[in-house]
Structures are given as C-alpha cells and as structure tokens.
Amino acid sequence: MMYSLFHPTTIVALLFLHGSAAWVPSPGPSISRTNPLQMALGLKIGKSYTPKWKKQKTLVETEGDINPQDKGIVGTTRIVFKCGEASISTLASPGDPIRDVASQAGQFIKYGCGKGECGTCESKCGTSYIKPCIAVVPGDIADGEDYVIEVKEVKNKARSSGKFYSVRSFLMGFYNNVLGMFAFVKTRKSANNNYNDRIEFEAMIARKAAERKAKVDMKD
C-alpha cells in the first residue's frame, strides 16, 4: 500500500490534479484561481496581490526640483547632468566622486565594471569623455561656470516583486516536479544496483572468511 501511494506515477498524477484544481470555473463571471491551501493561509493572488517591496524614491523624486542648498547639499561648483531632454543640477566640491554626486542628485548612470575599464558609464563632458565610476569633480572650474555632464540615455525601470501566482509559474513548477520524478526513478535504479553489488561483495567476503576459518580449523 505504501509503495503504490508513493510511486512516482501516483505522485505526478496528484500534482497534476492539485494544480488543475486551481482552474475550476466559479459560478460568477470570473474564473477562480484560488485553491483551498491559499484560502486557508490568507494569500492574495492576481489583481488583489500587492508587492511587498518597490523601488525607493530618491531625494529628488520626493522633494522635487528645489535648490540643492535647501536640501542640505553644499558645494562650490554647480554640476549639471543632462540625459536627453532632461537635466538635473546639484552642488559639489572639487575632488568629490562623480558617482556620488550623481547619486545625491538622483541621476541614474549605468555602470559595468566600476573600475573605468569597460566604458559602460562613459559620459561626455565638454569636448572630452569621462568615466563617472572613477572620475572626480575637477578643481580648475572657473567661478560661476557649470560643469555639464551628458549621460547616456538608458532604460531604468525598476521591477516590482511580481505576482504571487501566474500561469507560467504553475507550468514551470509542474515541469520541475516531473523532471524530479524522472530523476528520482533513474537514481533509484542505480541505487538498487549499487546496493545489490554491495550485498554480493559482503557475501563474498563472508564466504571467503568462512573458508579460511575452516582451513585453519582443519590444520589444528
């Protein structure tokens, strides 16, 4: 009874029936995708599910475009980041890392190696190019002159935690379970062969030991 209950074929069938139970149509106009386990645990899925984490807004996004000094940012040089049609300005001091200045201004820059070797973050500054991951604010900027950095336009869309349940997650879960069952059957056969080999080897050792003991007893 226990063997038939835990047979791989039985387990695969139970998994399929359990997953398909989540797709039984409800009496209403919509389709119910909630199984008894999710109802018991109080789990929210579909449109009613709210991600537990989202991208945190920067200081610029929460406070808006106001004077950097009003935000507590100090510096002697005005840094302007341009990305397409948008521009963000902030204050910095000579020697400040461009990477930190961009972060405090809320300017997204895509980095690669972070050591100035790959060129992923390369940005235009005047007639030359700099690498914000290792560059610093120069000290030879004239008073009243802006230090303008043209940043590459990239897509910076933060992903939420997603939905708790989807068709793809169900199919991939079922697929992984089937693969696990096949692997279980395959390894079980090899394990049985190893077990039989070990039993035969132990029996041979016991037989030779008994023969040797019999020979010693005959000599005595």
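This passage describes the overall fold of a predicted model and then the surroundings of three residues within it.

The chain contains six helices and five strands, and these elements, read along the sequence, follow the pattern α-α-α-α-β-β-α-β-β-β-α. Of the 220 residues in the chain, 19% are buried, and the accessible surface amounts to about 16,700 Å², with carbon and sulfur atoms accounting for 57% of that area. Among the contacts with a separation of 6 or more, 50% are made by residues that lie 24 or more positions apart.

In soluble globular proteins, nonpolar side chains tend to be buried together. In the present model the largest nonpolar core comprises 18 residues, of which Ile79, Phe81, Ile98, Val137, Tyr147 and Ile149 touch the most other members. Two or more residues are contributed to this core by each of strand E1, helix H5 (98-105) and strand E5 (147-150), and H5, with four residues, gives the most.

Phenylalanine 81, one of the core residues named above, is located in strand E1, which spans residues 77-83. Its relative accessible area is 0%, and phenylalanine 81 is therefore classed as buried, the cut-off being under 20%. When neighbours within four places in sequence are set aside, phenylalanine 81 is in contact with Ala86, Ser87, Ile88, Thr90, Ile98, Val101, Ala102, Ala105, Gln107, Ile149 and Val151. A further relationship across the sequence is seen with tyrosine 147, which is 66 residues away along the chain, yet the C-alpha atoms of phenylalanine 81 and tyrosine 147 are separated by 8.5 Å.

Isoleucine 149, which also belongs to the group of core residues touching the most other members, shares a contact with phenylalanine 81. With neighbours within four places in sequence again left aside, the contacts of isoleucine 149 also include Ile79, Val80 and Lys82, together with Ile98, Ser123, Lys124, Cys125 and Ile130.

Threonine 77 likewise lies in strand E1. Its relative accessibility is 8%, so that threonine 77 counts as buried under the 20% cut-off. Beyond its neighbours within four places in sequence, threonine 77 is in contact with Thr90, Leu91, Ala92, Pro94, Ile141, Glu145 and Tyr147. Thr90 thus appears among the contacts of threonine 77 and also among those of phenylalanine 81, while Tyr147, a contact of threonine 77, is itself listed with the core residues that touch the most other members.

Definitions and conventions:
Residues are numbered from 1 along each chain as its sequence is written. This is a predicted model: local features need pLDDT of at least 70, side-chain atom pairs count only at pLDDT 80 or more; totals for chains, interfaces and linings use all residues. Side-chain values use heavy atoms; hydrogens and water are left out. Buried means under 20% relative accessible area, exposed over 50%, partly exposed in between (1.4 Å probe, protein chains only). Contact means heavy atoms within 4.5 Å. A nonpolar core is a set of buried Ala, Val, Leu, Ile, Met, Phe, Trp, Tyr and Cys residues joined through side-chain atoms within 4.5 Å. Accessible areas come from the Shrake-Rupley method with a 1.4 Å probe; for residues, only the protein chains shown count as cover.
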